[in-house]
Every structure is written in C-alpha cells, then in structure tokens.
Number of protein chains: 4
Amino acid sequence: MQQDQTLKRLKTIEGHVRGVIRMAEEDAYCIDIIRQIQAVQAALNKVSTGILEDHLNSCVTTAIRGDDPNERERVLKEITEVFATATKV
Amino acid sequence: MQQDQTLKRLKTIEGHVRGVIRMAEEDAYCIDIIRQIQAVQAALNKVSTGILEDHLNSCVTTAIRGDDPNERERVLKEITEVFATATKV
Amino acid sequence: MQQDQTLKRLKTIEGHVRGVIRMAEEDAYCIDIIRQIQAVQAALNKVSTGILEDHLNSCVTTAIRGDDPNERERVLKEITEVFATATKV
Amino acid sequence: MQQDQTLKRLKTIEGHVRGVIRMAEEDAYCIDIIRQIQAVQAALNKVSTGILEDHLNSCVTTAIRGDDPNERERVLKEITEVFATATKV
C-alpha cells in the first residue's frame, strides 16, 4: 500500500469518526452507533495491515539484510509487539 | 456512561485520528503509526462498551419488560450481533 | 443455540487443539500452526456468541423481568464485561 | 519461545478446553463459560505470538537474507496475512 492510499483511507476514517460524533449528538440509536464504530475499526485494521505490509517490504527487509544485529532484533521485536497488541495478549 | 462522556471521548478520538494523519503525512515510522492506530482502537472499544452499557440499562431493559415479543427479540438479537462482530465470528 | 450444539462444537474444538499439538510435535510450518490457532479462535468465538445468545434469552430476560434490582444490575454488568473483554478494553 | 514451551502451553490449553466442556456438560453459568473461553483465547494468542516471534527469527530472517525473491515475498505476505486475520480485516 502506498503512502497516498494510507492517507486517503485515514482521511475517510476521520470523516467516518465525525459522522459517529454527529450520530451521538443527534442521539442516534445506540446499536447503530456501535455498528458504525465497528466499521471504523475494520477500516483502521485495513490501514494497519497495509502499513505493516509496506514496513515489512522496506524497513524490515533492509534491517534484516543489514549488518547491525541490534537493528535486526529491534525490527523483529516490533513486529511481534504489534501482533501481540492486535491479538490482545 | 453518559452521552456527554461519549461525545467527549469521540472528539478526543477524532483528534487522535488527525494526529495519525499528520504522522502519515510527515512520513513517521511505520510501527509508531500502527501503535497509534491501535491506541485509537482501544479508545473506540471503550466508547462502544460504554454505549452498550447505557443501552442495556435503558432500551434493552425497557424492551424486555415491555409487552412486545418482537421488540424483545429484536433488542436481544442486536446485542448478539454486535458481540459477534466484536469477536469477529 | 442449544446446549447440545455447544457441546458438539466444543468437542470439535478440543479435537482441533489436539491437531495443533500434533502439528507442533511434528515441527509443522510456523505459519500453518498460527493459521490453525486462528481457526480454533474463530470457532471459539462462535461458541461464545451462541452461549451469549442463549443467556440473553433465558437468564437475562428472567432477571430483567424479575423483581430484584441487584440481580438485574448484575446480569447487565456481566454482559458489559464480556463485551469489554471481547473487544479488549 | 522454544518449541517445548509452545507444546507445554498447547497441552495446558487442551486441558482448559476440556474444562470448558465439563462446565457445559454440568450446565455451568453461561457467563462463567464465556469467561473461560475468553481465557482460552488469551492463552492461544500468547502461543501464536510466541510462534510468530520464533518464525521471524528463523524462517523469515533466512528467507530475507537469501537469494530467492519469491521466497522473500512469500514469507512477508504470510506475516501480513496472519496479522490481517488477527485484526480481522
């Protein structure tokens, strides 16, 4: 995913969050608000996954092919950490 | 959770998303962006849970104590559905 | 979902976990093991959702229609809690 | 995480699932069963994360440092895929 697409998606998500705020202000039905929040989260998951994909193909690949063992260790540890957070360990 | 708190939290989240957009524009480190997205999602989860709590104590309670079996069925089905989406069935 | 179906599904999941153990013992490819674990979790989500559905239609409905305000509060609080855990607040 | 620890954890999880089956057979309180299922899922997440960590430090590192571009692409795509599933895109 290119940076342009990431930005475009994030701006759509910002608009989506504003829509949820409007629903809350207008006292929309609770379940409809929750559903929209869940839609925002699904969109955020797609952005995260796209960013991770880019990251693996750039920084992670460079670090692993590089000569600095600390750097290699660091990038791999970060992947594990974001995966752990994503799966809520 | 009162509606005021929901709104306040959602506005904080909107600001947080704008912060993530700025990070992406300024070409911040991928993992830092992903971590901020994960923080936004944790905040959204708290809002959803708060809204669900209010909903159970108001609409759901009213519907279940009411006389319309279709309405009762509907509100309970909705709870099951948002739970299913939350757990990604 | 009836109790029979819950039990049947849980036994299938137990067999699935045993399959994952066998994969680990036989030194299967890491990603294949992770995928099977993710499949087990999707199956567990379905069981949880089914149990919640039954619970809403039985205990929760009875408590809310009943005369004990503490009991009403308790059952609704529990729903909020399992939702919060599911969404990892 | 070493393979021994993975196996040990998976066997504990198998026992935990059997415990959940027993609860269902003995008609335990729905919410208690759901909580135990959520505990099983948290344990499975820890196993997945441990396996991913090992995988990054072994297969992924080898593939990225290797000469086969298809292999490199494949291992990175797999990481993205399990992340996407974990975040339920």
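Copies of a chain are superposed here by least squares on the C-alpha atoms of residues with pLDDT of at least 70 in both. With that in mind, chain C can be laid on chain B with an RMSD of 0.0 Å by a turn of 180° and a shift of 0.0 Å along the axis. In chain C, the C-alpha nearest this axis belongs to R65(C), which is 2.7 Å from it. The model is a predicted one, in which local features need pLDDT of at least 70 and side-chain atom pairs count only at pLDDT 80 or more, while totals for chains, interfaces and linings use all residues. Residues are numbered from 1 along each chain as its sequence is written, and chains are lettered from A and ligands numbered from 1 in the order in which they are written.

Chains A and B can be treated in a similar way. A rotation of 180° with 0.0 Å of shift along its axis superposes chain B on chain A, with an RMSD of 0.0 Å. The two copies are therefore related as by a two-fold rotation axis. The same surface serves both copies, since 100% of the contact residues of chain B recur in chain A. Returning to chains B and C, 100% of the interface residues of chain C are also interface residues in chain B, so these copies too meet through the same surface.

How many residues of chain B are in contact with chain A? Taking two residues to be in contact if their C-beta atoms, placed from the backbone, lie within 7 Å, 34 residues of chain B are in contact with 34 residues of chain A. Helices are DSSP runs of H or I with at least four residues, numbered from the N terminus, and in chain B the helices α1 (3–25), α2 (30–65) and α3 (69–86) each supply at least two residues of the side that touches chain A. It is α2(B) that gives the most to this side, with 17 residues. The residues of the side of chain B that touches chain A divide into 20 nonpolar, seven polar and seven charged, where Ala, Val, Leu, Ile, Met, Phe, Trp, Tyr, Cys and Pro count as nonpolar, Asp, Glu, Lys and Arg as charged, and the others, Gly among them, as polar.

Helix α1 of chain A deserves a look of its own. The expected span of a helix is 1.5 Å times one less than its number of residues, so the 23 residues of α1(A) (residues 3–25) should span 33 Å, and the end C-alpha atoms are indeed 33 Å apart. A residue is called buried if 20 or more other C-beta atoms lie within 10 Å of its own, exposed if 12 or fewer, and partly exposed in between, with C-beta atoms placed from the backbone. In α1(A), the residues T6(A), L10(A), I13(A), V17(A), V20(A) and A24(A) are buried, and what covers the buried residues of this helix includes α2 (30–65) of chain A together with α1 of chain B.

Just after α1(A), D27(A) takes a positive phi of about 60°. Most residues other than glycine have a negative phi. In chain B, D27(B) also has a positive phi, near 60°, and is found in the loop between α1 and α2. With 9 other C-beta atoms within 10 Å, D27(B) is exposed.

A contrasting case is L56(D), which lies in helix α2 (residues 30–65) of chain D. Because L56(D) has 24 C-beta neighbours inside 10 Å, this residue counts as buried. Leaving aside neighbours within four places in sequence, L56(D) is in contact with L76(A), I79(A), T80(A) and T61(D).
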